[in-house]
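Hi,

Here is the structure I promised to pass on. Have a look at it first, and then read my notes underneath.

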Amino acid sequence: MASQFKKLAPLLNRVLIQKYEPVTKTASGILLQTSDEKQAVGKVVEAGPGQTDSKGNVIPTLVKPGDVVLLPDYGGQKIKLADQEYFIFRDSDIIGILHQ
């Protein structure tokens, strides 16, 4: 049933992320050696407005759509939308924002 939906708007401090798959083959078909240490990296697709504190003030999420982020090895809720796989993390679970 969830596959019939095309977009998800995360609530509170949750972030919708599309993970990057590591490149294992070049365009010419050469297989690349993969290391045992793979870093989980993804792109923020959508971000919730933020979490409220005890006084009712909204603490905004620290990431925005388009940010490339470093993720923990485990965690996140896997979902499928429009035949693509995404993950939902709390913004506090995201390790950092990667800049080029």
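What pattern does the chain follow when read along the sequence? The answer is β-β-β-β-β-β-β-β. Put as counts, that is 8 strands and 0 helices. Do keep in mind that this is a predicted model.

Now for how the strands go together. I'd begin with strand 7, which covers residues 84-90. Strand 1 (residues 14-19) pairs with strand 7 in the antiparallel sense, and 4 bridges link the two. If you want a spot to zoom in on, try leucine 16: the bridge partner for leucine 16 is isoleucine 88, in strand 7.

Strand 7 also pairs with strand 6 (residues 77-81), again in the antiparallel sense, this time over 5 bridges. Here you'll find lysine 80 standing opposite glutamate 85 of strand 7. Strand 6 and strand 7 form a hairpin with 2 residues between the strands. Check alanine 82 in that hairpin, as its phi is positive, near 50°.

A few numbers for the whole chain, too. Of its 100 residues, 24% are buried. The exposed area comes to about 7,600 Å², with 53% of that supplied by carbon and sulfur atoms. As for contacts, take those between residues at least 6 apart in sequence: 65% of them join residues at least 24 apart. The pairing of strand 1 with strand 7 is a handy place to see residues 14-19 brought together with residues 84-90.

That's what I have for now. Happy browsing!

Cheers

Notes:
Residues are numbered from 1 along each chain as its sequence is written. This is a predicted model: local features need pLDDT of at least 70, side-chain atom pairs count only at pLDDT 80 or more; totals for chains, interfaces and linings use all residues. Side-chain values use heavy atoms; hydrogens and water are left out. Buried means under 20% relative accessible area, exposed over 50%, partly exposed in between (1.4 Å probe, protein chains only). Contact means heavy atoms within 4.5 Å. Accessible areas come from the Shrake-Rupley method with a 1.4 Å probe; for residues, only the protein chains shown count as cover. Two strands pair if DSSP finds at least two bridges between them.
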